[in-house]
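Trainee: I would like a close look at a single part of this model, and then at what lies around it. Please take it slowly, since the terms are new to me.

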Amino acid sequence: MSREHSEATPLLRNQPKQIRNGWLFFAVFSAVLGNFNFGYSLVYPSPVIPQLQSSDDPRLRMDVHQVSWFGSIFTLGAAAGGLSAMLMNDRIGRKLSIMISAAPSTAGFLVMGAAQGFWMLLLGRFLTGVAAGITASSIPVYVSEISHPGVRGALGSCPQITAVFGSLALYALGLVLPWRWLAVAGEVPVLLMLILLCFMPNSPRYLITHGKRDEACRALKWLRGPNSDYMTELNRIERSVNSQVGLQWSDLRSPFYYKPVLISVFMRFLQQMTGITPILVYLEPIFHKTAISLEPKYDAALVGAVRLLSVMIAASLMDRAGRKALLYTSGFLMYLAMLTMTMYTHTTPCDTKNVTVEASQQLTEVHGALMGSVPNPITLVPLISTMVIIFGYAMGWGPITWLLMSEILPLGARGVASGLCVMVSWVTAFALTQLFMHAVDAYGLFVPFLFFCVVCVVNIIFAAVCVPETKGRTLEEIENYFRTGRSFTILDS
């Protein structure tokens, strides 16, 4: 009798050897430029809102209600993009879906750059959101399907890394560029992505699914290198594809389908419920309201740098520490930081009605006059707490949620389910981003941060009970895991 396998035990005995081929990494780079633009456009309001609140043009000046819509309408566009990706991913392929996202992204930035009224800003944000929804649904699946199992964990975190890098680029450019030129700069990565993807192959899995075996063979040979054992991998992919049929509604009763779909959907829902989107979108306004010692635009850039560092650390640990260990660590760090922010904002008075850039600067000047040139260390608590929130999120619940979605979804449902996950994620983000500033205006910052603190505890429990460990497994092994109906375990043997 062989001892019972745990969820970390490989189901297929022949583990593929790790290979090194520069073309694979170049293909991944070409695709994840779309995520760079996604991260850039997501946090576009952070430096723009303070500029528009003090704008001399009454057509563009924003109140709290308009700020909420400017920040949140992006997520409605992303939900629409996720829905369209549900149809495009399986019909025209992952690569072409990513390329199509360049159209609404380019148009959106052009509209915002030339905006003469508030409605043009909303239209531009919505269009860039549509592009973000398409890329968030298509790029993780494309990267996962072209990646070698030995580096899939690291490459699977690349969409998140480049999204973080795009956000950092926006924060950095926001220090020197006015808001219209920030929109113009957003065009550059989109056009570069479009050009490079013209020379990249389609996903071998997609090609085999559509009966293009010869093209899939050429694509896999290009991705793995001519001296690799790419034919063995091609045959394994082909067997996996042939063992599946098109998804029917009756199939959802099978654990092979409903378990990975439910896990993916709930992970994307809980990922957004941590409040990461409203925190990133309203980063500078949050710092304005906490009257932090440093200037808010520099605080935002510091947070962006910390976010990039943490997601790079997570990428290096993804295939070493395992997905679940990073999810636990991520949830615990966010819980501690959210609790700290809750206590600080609850005990420290701040104006919850209409804190503008000028008011924050006046408060800082008065504080400096009273305390001299040495800032009060307690005012750095919001900055440090926000850094820990971003660090914790980027260590686990940021990249791993994207990676697991592309790993555990069965091929027959991957296109539709990934689009569903993105739609659920962005509808949740819209609700939170729309309500965040209204809640802060009515009750103060401590109420939303207390809510996010409770959510972090729920995330830790969910990761322990429901999420399987996919470290070191091929996509075929993961599919077998759900097909065999093995129960989830928490401890690895």
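Mentor: Met 200 counts as buried because its relative accessibility is 6%; buried means under 20% relative accessible area, exposed means over 50%, and partly exposed is in between, using a 1.4 Å probe and protein chains only. Keep in mind that this is a predicted model, in which local features need pLDDT of at least 70 and side-chain atom pairs count only at pLDDT 80 or more, while totals for chains, interfaces and linings use all residues. Residues are numbered from 1 along each chain as its sequence is written, and side-chain values use heavy atoms, with hydrogens and water left out.

Where does Met 200 sit? You will find Met 200 in the loop between α10 (187-197) and α11. Helices here are DSSP runs of H or I with at least four residues, strands are runs of E with at least two, and both are numbered from the N terminus. Setting aside residues up to four places away in sequence, Met 200 touches Phe 26, Ala 27, Ser 30, Lys 95, Tyr 142 and Trp 222, where contact means heavy atoms within 4.5 Å. In sequence, Met 200 and Val 28 are 172 residues apart, yet their C-alpha atoms are 9.3 Å apart in space.

One of those partners, Trp 222, leads us to helix α12, which covers residues 213-224. The expected span of a helix is 1.5 Å times one less than its number of residues. With twelve residues, α12 should therefore span 16 Å, and its end C-alpha atoms are indeed 16 Å apart. Which residues of α12 are buried? They are Ala 216, Cys 217, Ala 219, Leu 220, Leu 223 and Arg 224. These residues cover an arc of only 165 degrees around the axis, which puts them on the same side of α12; the arc is that of the directions from the helix axis to the C-beta atoms. On the face turned away from that buried side, α12 carries the exposed residues Asp 214 and Arg 218. The buried residues of α12 pack against α1 (22-42), α6 (118-146), α11 (204-209) and α13 (230-242). After α12 comes Gly 225, and its phi is positive, near 105 degrees.

Another partner of Met 200 is Lys 95, so let us look at helix α4 (residues 94-100). Arg 94 lies in α4, and it counts as buried because its relative accessibility is 3%. The C-alpha atoms of Arg 94 and Val 141 are 7.3 Å apart, although 47 residues separate the two in sequence. Ile 100 also has its place in α4, but it is partly exposed, with a relative accessible area of 36%. Leaving aside neighbours within four places in sequence, Ile 100 is in contact with Met 88 and Ile 92. Between the C-alpha atoms of Ile 100 and Thr 135 there are 9.3 Å, for a separation of 35 residues along the chain.

The helix α5 (residues 102-113) is next, and here too the end C-alpha atoms are 16 Å apart, in agreement with the 16 Å that its twelve residues should span. How many of the residues of α5 are buried? Nine of the twelve are, so α5 is mostly covered. Among them are Pro 104, Phe 109 and Met 112. What covers the buried residues of α5 includes α1, α4, α6, α9 (179-185) and α10.

Now step back to the whole chain. It has 24 helices and zero strands, and buried residues make up 59% of its 493 residues. Among contacts between residues at least 6 apart in sequence, 85% join residues at least 24 apart.

Last, a look at sulfurs. A disulfide is a covalent bond between the sulfur atoms of two cysteines. Here a disulfide is taken to be a pair of cysteine sulfur atoms within 2.5 Å, and the structure holds zero of them. Why does Cys 456 form no such bond? The closest cysteine sulfur, in Cys 453, is 6.5 Å from the sulfur of Cys 456, which is too far for a bond. With 0% relative accessibility, Cys 456 counts as buried, as does Met 200, where we started.
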